Amino acid sequence: MTVLPYKNQEKSKKQQVAEMFNKISKRYDFLNHFLSMGIDILWRKSAIRQLKSHQPKLILDIATGTGDLAIEALRLNPDKIIGVDISEGMLEVGRKKMVELGVEDQIEMRLGDSEQLLFEDNKFDAVIVAFGVRNFENLEKGLADMRRVLREGGKLVVLEFSKPTKFPMKQLYGFYFKAILPMIGKVVSSDNSAYTYLPESVAEFPYGQEFLNILEKTGYKDTQCKPLTFGISSIYIATK
């Protein structure tokens with residue numbers, strides 16, 4: 001089943017996701033940190049640490065949004081990070097952050113389709129993505145194109161929501177995601193659909209071994225899954 005932000009529209013998922021993020025872009029960072037109680041910051045740090053020994057010099061940040069993962073990736077001391085996103089609203093917020101931090105020369109923010117990347121083959125040492133692959137219209141196509149632009153031996157690191165499986169976290173997580181999060185998100189973001197779409201998209205997303213199977217199907221090797229915070233999210237690591 002394809003989960004859509006706006007079920008009464010005939011636009012594609014890609015178009016709807018771009019529209020949704022344009023609408024909530026001004027409040028996105030606040031809501032991210034508030035709704036996760038700041039744990040999302042620690043998750044990004046954990047994701048980037050997976051690349052420490054790899055020492056990538058050219059990094060592609062897929063679905064970069066406002067650039068939080070790209071900023072965290074500066075800890076790896078790369079030569080350049082390029083962030084790509086389909087939402088101009090999110091990129092606009094992100095570019096302002098880069099200027100304020102004085103890192104606009106190190107992190108370049110580009111409008112683009114993560115499933116049709118405008119880069120040559122074998123370009124990047126690492127591809128990173130946080131909470132973005134869940135929004136792909138065609139997951140396998142997006143993963144395959146990310147692999148295409150990775151150099152041989154390059155690393156993919158994906159941070160994505162998953163689902164706790166053990167009591168009581170499974171029950172608490174389900175209640176928070178289905179009842180509390182959409183209510184707060186609606187009030188703060190003024191978008192009735194954005195934070196209803198979030199739990200629905202997480203519920204449908206293949207996580208754990210199922211996602212590793214898709215990575216392997218699209219050509220990745222040495223795949224790993226590292227659950228975080230009782231399985232609320234997971235880091236997936238793979239090699240081209």
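The following conversation between a visitor and a guide goes through a predicted model and asks what lies behind the words used for its parts.

Visitor: What makes the arrangement of strands an open sheet with edges, and which strands stand there?

Guide: The open sheet has 7 strands in the order 3-2-1-4-5-7-6, with mixed pairing. Strand 3 (107-111) and strand 6 (221-228) each have a single partner strand, so one side of each is left without a neighbour in the sheet, and these two are therefore its edges. Direction ignored, neighbouring strands are turned by 15° against each other on average.

Visitor: How do you know that strand 6 and strand 7 pair, and how many bridges join them?

Guide: Pairing asks for at least two bridges between two strands, and strand 6 is joined to strand 7 (residues 233-239) by 6 bridges, with the two running antiparallel. Among the partners across this pair, C225 has Y236 in strand 7 as its bridge partner, while K226 stands opposite I235 of strand 7.

Visitor: Why is T229 called partly exposed, and where does T229 lie?

Guide: Partly exposed covers what falls between the limits of 20% and 50% relative accessible area; T229, at 29%, therefore counts as partly exposed. T229 belongs to the loop between strand 6 and strand 7, and in this hairpin, which has 4 residues between the strands, T229 takes a positive phi near 45°, although T229 is not a glycine.

Visitor: Which other residue that is not a glycine has a positive phi, and is F131 buried or exposed?

Guide: F131 has a phi near 55°, again a positive value in a residue other than glycine, and the place of F131 is in the loop between strand 4 and helix 5. The limit for buried is under 20%, and with a relative accessible area of 9% F131 is therefore buried.

Visitor: Why is L159 called buried, and what does L159 touch?

Guide: Set against the limit of under 20%, the relative accessibility of L159 is 1%, so L159 counts as buried. L159 lies in strand 5, and leaving out residues up to four places away in sequence, its contacts include W43, R44, A47, V129, A130, F131, L228 and I235.

Visitor: Which residues touch the most other members of the largest nonpolar core, and what contributes the largest share of this core?

Guide: In this core of 44 residues, I128, L159, F161 and Y195 touch the most other members, and helix 1 (residues 13-35) gives the largest share, 7 residues. Apart from this core lies another, of 27 residues, with V127, L212, I214 and Y220 among them. F161, when neighbours within four places in sequence are left aside, is in contact with residues including W43, F131, Y173, F177, L198 and V202.

Visitor: Why are helix 6 and helix 7 called roughly antiparallel?

Guide: Two packed helices are described by the angle between their axes and the distance between the axes. Helix 6 (residues 169-189) and helix 7 (residues 194-204) pack at about 155°, with their axes 7 Å apart; as angles over 145 degrees count as roughly antiparallel, the two helices are therefore given that description.

Visitor: Which residues make the contact between helix 6 and helix 7, and how many of the contact residues are nonpolar, polar or charged?

Guide: Helix 6 brings Y173, F177, L181, P182, G185 and S189, and helix 7 brings Y195, T196, L198, P199 and V202. By class, the contact has 8 nonpolar, 3 polar and no charged residues.

Visitor: Which residues of helix 7 are buried, and what covers the buried residues of helix 7?

Guide: A194, Y195, Y197, L198, P199, S201 and V202 are buried in helix 7, and their cover includes helix 1, strand 5 and helix 6.

Visitor: Which strands does helix 4 touch, and which strands does helix 5 lie across?

Guide: Helix 4 (residues 88-101) packs on the sheet by touching strand 2 (80-85) and strand 3, and its direction makes about 165° with that of strand 3. Helix 5 (residues 139-149) lies across strand 1 (58-62), strand 4 (124-130) and strand 5 (150-161), running at about 145° to strand 5.

Visitor: Which residues does a cis peptide bond join, and where does P168 lie?

Guide: The cis peptide bond joins F167 and P168, with omega about 0°, and P168 lies in the loop between strand 5 and helix 6.

How values were computed. Residues are numbered from 1 along each chain as its sequence is written. This is a predicted model: local features need pLDDT of at least 70, side-chain atom pairs count only at pLDDT 80 or more; totals for chains, interfaces and linings use all residues. Side-chain values use heavy atoms; hydrogens and water are left out. A nonpolar core is a set of buried Ala, Val, Leu, Ile, Met, Phe, Trp, Tyr and Cys residues joined through side-chain atoms within 4.5 Å. Buried means under 20% relative accessible area, exposed over 50%, partly exposed in between (1.4 Å probe, protein chains only). Contact means heavy atoms within 4.5 Å. Axes are lines fitted to C-alpha atoms, for helices over the stretch in contact, and angles run from 0 to 180 degrees between N-to-C directions. Angles under 35 degrees count as roughly parallel, over 145 as roughly antiparallel, 65 to 115 as roughly perpendicular and the rest as oblique. Ala, Val, Leu, Ile, Met, Phe, Trp, Tyr, Cys and Pro count as nonpolar, Asp, Glu, Lys and Arg as charged, and the others, Gly among them, as polar.
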